[in-house]
Amino acid sequence: MSRKCSSFKALEAIVRKSHEAVKKFKNSSFLTMSVAHVDDDEPGAGRLHHVEKVLPTGDFYTGQWYDNLPQGQGKYLWTDGCMYVGEWHKGKTTRKGRFSWPSGATYEGEFKTGYMDGKGTYTGSAGDTYKGSWVMNLKHGQGTKSYCNGDYYEGEWRRGLQDGHGRYQWKNGNHYIGQWRNGAINGNGTMIWNNGNRYDGFWEDGFPKGNGTYRWVDGSFYVGVWSKDPKEMNGTYYPSASPTGNLEWDPQQMFMVELRDCKICPGERISVFPSQKMPNWAGMEQGMAKKDVGRIKRLSADTGRISNYNWGSDAIDFSAAGEGDLRDGDDGLGKLQFEETERGCWPLFKAPPKKQGETISKGHKNYELMLNLQLGIRHSVGRPGPAVSLDLKPSAFDPKEKVWTKFPPEGSKHTPPHQSCDFRWKDYCPLVFRTLRKLFSVDAADYMISICGNDALRELSSPGKSGSFFYLTNDDRYMIKTMKKAEVKVLIRMLPAYYNHVRSFENTLVTKFYGLHCVKLTGPAQKKVRFVIMGNLFCTDYAIHRRFDLKGSSHGRTTAKPESEIDPTTTLKDLDLNYFFRLSKGWFPEFCRQVDRDCDFLEQERIMDYSLLVGLHFRGVAGQDCTPPRTSGVRTPTGNGDPHNNGAPRLSRVEKDRLSRAEMDQLLLDPSMWASIRLGINMPARVEKAVRKGDCETQLIGEPTGELCDVILFFGIIDILQDYDISKKLEHAYKSMQYDPTSISAVDPKQYSKRFRDFIFRVFVEDT
C-alpha cells in the first residue's frame, strides 16, 4: 500500500515538473514530449509499443502507443486531477475503462469514442450512485440510482432523466410505481404511502391530474377527476364499514399535505464529461517538426536526468493556451490537419445551406398561391369548432365531408379582405385532420404561425418525379406538397385505416398528415391546386450530411448527378448506399416490429412505391469543404486528399467558428436543447462502411468493412399515396419485358412489401 502511494506521489511530482517545464519553453511547437528510458531507442511509429509521455499542458500519459496515438491499455492523468485508466482506440477512450474526478466521483464501465456509452456505474462525490445504460454521457435505457439522501429509483431513463416506466422509493417508505416523463411523474401510476394509503390514476408533472382513486387503509375511497385547481376537481367519497371514516377529508389535501414530502431528489451534476477532456492528439502530433532547428532539454521520468531533444521551427505560445484552446484548434493550430472522425477513415462533407429552397417573395410565379394557402389555413385552423374527441364517427371520414369557403378580395362575413385574387378554398374531412393534429400534439397557434406567419414559404428547387411541387415553412417544421386528384382520392379512401393505425402505434414511421386542402382560382382558368400538409422528417438543429431514399429495388435506383455535384441536399438512392445502419439493442426490436406493422398496413391498403427516407448526421463533423464518395467501391481523391492515403480527404483548416468539443457536448447533452429521442428521430446509432465488388453494379448493398462511425439517425416511410392502379399495372407489364421483374419498383403491393422489408432488414442491423 505504501509503495502504491509513493508511486502515485512520484507521478504527481513528474506532472508538476513537466507543467513548469512547459511554461519555460512556451515558444516551442512540439506538442507531445516523449518521456522514455534514455538507454532505449524510440520504437517506430508503425509498431505497438509502450510509452510515457508528458504533454505541454502538463498532462501525463503512460501506456500502449501506435501510430502517434494511444492504442490499447493506457493511463492518462490531467493536471486538474482527472484520471482515466482503461482501453484506448485511435486516441479515444473506448470499451472498458475507469474515469475519476478530483472531487472523488468515479465512472467505471463502457466508453465509446470518448463518451460514457454502454453499461457503466457512476458514483458521485456526495454518494449518488447510478448503475445502468448510458448513451453519449447521458443515462439512457434501464438503470438504477441510489441518491445520497436515501431515495432510490429503478426503471427507464431517457436523455439523463427518468422517462418511461419506473419505481421511486423515498427514504420515509413512500413509493411510486408507474410512468415518468422528463424526470417527473407523468402518466398512469400508483403512489403508496408508508401509512398504507394509496392513489391509483393519472399524473401530470408530479401531481394527480385526470381520473384517479384515493384509497384509505380502512377501505374507504374517493373517486373523481383530480386537479390542482379546486374548480376543476369533482368526485365522490365512498365510506367503508369502519366507524372511523374520512368524511371531513378535503381532496386538496393531496396536493398540500400528502405529496409535501414526495419530492424527487435532483441528484448531483457531473462537473465535466470525459469526452470534454479528450486531448486533440492530431493537433499535438502535427506540431512535430521534420527538421532539427533547435535543441532544448527533456525530462526523463525514471531518472530525473536531462537529455537533448530536437524541436520544430513553428513556435506556438502554449502558456496562454488552456486545455480547451489546444483541443478546439484555435488560431495557433488553425493550419493543422487532423482526421475528422475517430473510427476509420471517413470523408468530409460540404456544409449544407442554412435554408433549403427559394423564398417565395413578391414577383414569384407562385406568390399569390402562397397567399391563398396561408389565408385558407388561417381560416380553417382558427375557425371555432367543437371539442375534439379522439373517437370519431364514421361520418367524419365520408368523402363528401368537405367545406367550401369563398375568399373575395374585399372580404366577407367570414373571411378578411386580402390583396390576392378571388379564390375558393376547400377543406377535406376537416374534423379528421383537426383530430390528427391533436393526436400528433400539434398546437393550433404554433401550426398557424409556422405556415401563416410573417415569414414566407420556401419552394424546393425542382418538382419531384411525380410533377408535384414541394414547399417548406420557414421553421422547417412542415412540408406542403401539391397533389394530383388521384392521390387525394387515395388519401381520403385510406383515411379511416390511416387514422386507426397512427392512433394505435405512436412510433409509426409513416408520414404524418396534418391537413388536406384545395385552392380553386376563379375566372376563365378555373385552376385547382390540391395540396397536403405533412411533417418534415428533417426538422432538426443537426446538419443532415447524407440522405437516402430506399425502396429495395435496383432498376434506375441511382442518382444521376456526377459525384462532384453531390452535396448534403442530394437525395441518394439504393445503388448509392454504402452504409449499414447499426441500431442499439434497445431500439432494434422495436424498429423491426414497427416496420412490419407499417408494411402490413400499407399492403392492406394496396399501397406500393413507398420508400424509407434516411438522414445521417455524422457526429463531430463541422462545416467542411469536400464531399464523400457516394459509391462504396471507389474512392476519389479531392483537392484536400493525401495522395499517400488512398485519396482519403483530410481537413486542411480548422474553422474558427467551429463549436468546441465542450460546446458540442452541451448541445448534445442538455435535455432542454436535445430534442426527444424517438424511433426515427434523433436516434444515436452507428454506421458501418460497405464496399461493393467491382463487377456487381446492380448489387444493392456491399460487404461490411468493419469501419464504424457514430451518427444521429432520422428516418421515416414516405410517398404512401400510390396505389396499384391500372397505370402501375401497365408499367409493371411493360418493364417486365425489358428488365428483371424483381428489380423494378412497380410490382404488386404484397411483393413490394416483402421486398421492401427484406432489404430494410438487411441494411438495418442490431449493433452488437
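**Exercise 1. Place Cys-429 in the fold and decide whether it is buried or exposed.**

Step 1. Cys-429 counts as buried, because its relative accessibility is 1% (buried means under 20% relative accessible area, exposed over 50%, partly exposed in between; 1.4 Å probe, protein chains only).
Step 2. The model here is predicted: local features need pLDDT of at least 70, side-chain atom pairs count only at pLDDT 80 or more, and totals for chains, interfaces and linings use all residues. Residues are numbered from 1 along each chain as its sequence is written, and side-chain values use heavy atoms, with hydrogens and water left out.
Step 3. Cys-429 sits in the loop between strand E23 (423-428) and helix H7 (430-439). Helices (H or I, at least four residues) and strands (E, at least two) are DSSP runs, numbered from the N terminus.
Step 4. Its backbone has a phi near 40°, a positive value in a residue other than glycine. Most residues other than glycine have a negative phi.

**Exercise 2. Describe Asp-67: where does it lie, and what is its phi?**

Step 1. Asp-67 is in the loop between strand E3 (60-66) and strand E4 (69-77).
Step 2. Phi of Asp-67 is positive, near 55°.
Step 3. Asp-67 has a relative accessible area of 47%, so it is partly exposed.

**Exercise 3. Work out the setting of helix H10 and of Gln-594 within it.**

Step 1. H10 (residues 588-604) contains Gln-594.
Step 2. H10 has 17 residues and reaches 24 Å from first C-alpha to last, close to the 24 Å expected at 1.5 Å a residue. The expected span is 1.5 Å times one less than the number of residues.
Step 3. Buried residues of H10 include Phe-588, Phe-591, Gln-594, Asp-598 and Leu-602.
Step 4. Their cover includes helix H9 (485-504), strand E31 (579-583), E34, H13 and strand E35 (764-766).
Step 5. Gln-594 is buried, because its relative accessible area is 1%.
Step 6. Beyond neighbours within four places in sequence, Gln-594 contacts His-501, Phe-505, Asn-507, Thr-508, Leu-509 and Leu-679 (contact means heavy atoms within 4.5 Å).
Step 7. Just after H10, Arg-606 takes a positive phi of about 60°.

**Exercise 4. Find which residues Asp-748 is in contact with, leaving aside neighbours within four places in sequence.**

Step 1. Asp-748 is in the loop between helix H12 (726-736) and helix H13 (749-763).
Step 2. Asp-748 is partly exposed, because its relative accessible area is 25%.
Step 3. Its contacts outside that window are Arg-606 and Tyr-724.
Step 4. Asp-748 and Tyr-724 are 24 residues apart along the chain, and their C-alpha atoms are separated by 6.7 Å.

**Exercise 5. Characterise the lining of the second largest pocket.**

Step 1. The lining has 40 residues; Lys-112, Asp-117, Gly-118, Ser-584 and Lys-585 lie nearest the pocket centre.
Step 2. Strand E34 (residues 703-718) gives the largest share, four residues.
Step 3. The lining divides into ten nonpolar, twelve polar and 18 charged residues. Ala, Val, Leu, Ile, Met, Phe, Trp, Tyr, Cys and Pro count as nonpolar, Asp, Glu, Lys and Arg as charged, and the others, Gly among them, as polar.

**Exercise 6. Summarise the whole chain: how many helices and strands does it have?**

Step 1. The protein chain has 13 helices and 35 strands.
Step 2. Of its 768 residues, 49% are buried.
Step 3. Among contacts with a separation of 6 or more, 55% join residues 24 or more positions apart.

Notes:
1 Å grid on protein atoms, 1.4 Å probe; cavity = no way out; pocket = protein on both sides within 12 Å on 5 of 7 lines; lining within 4 Å.
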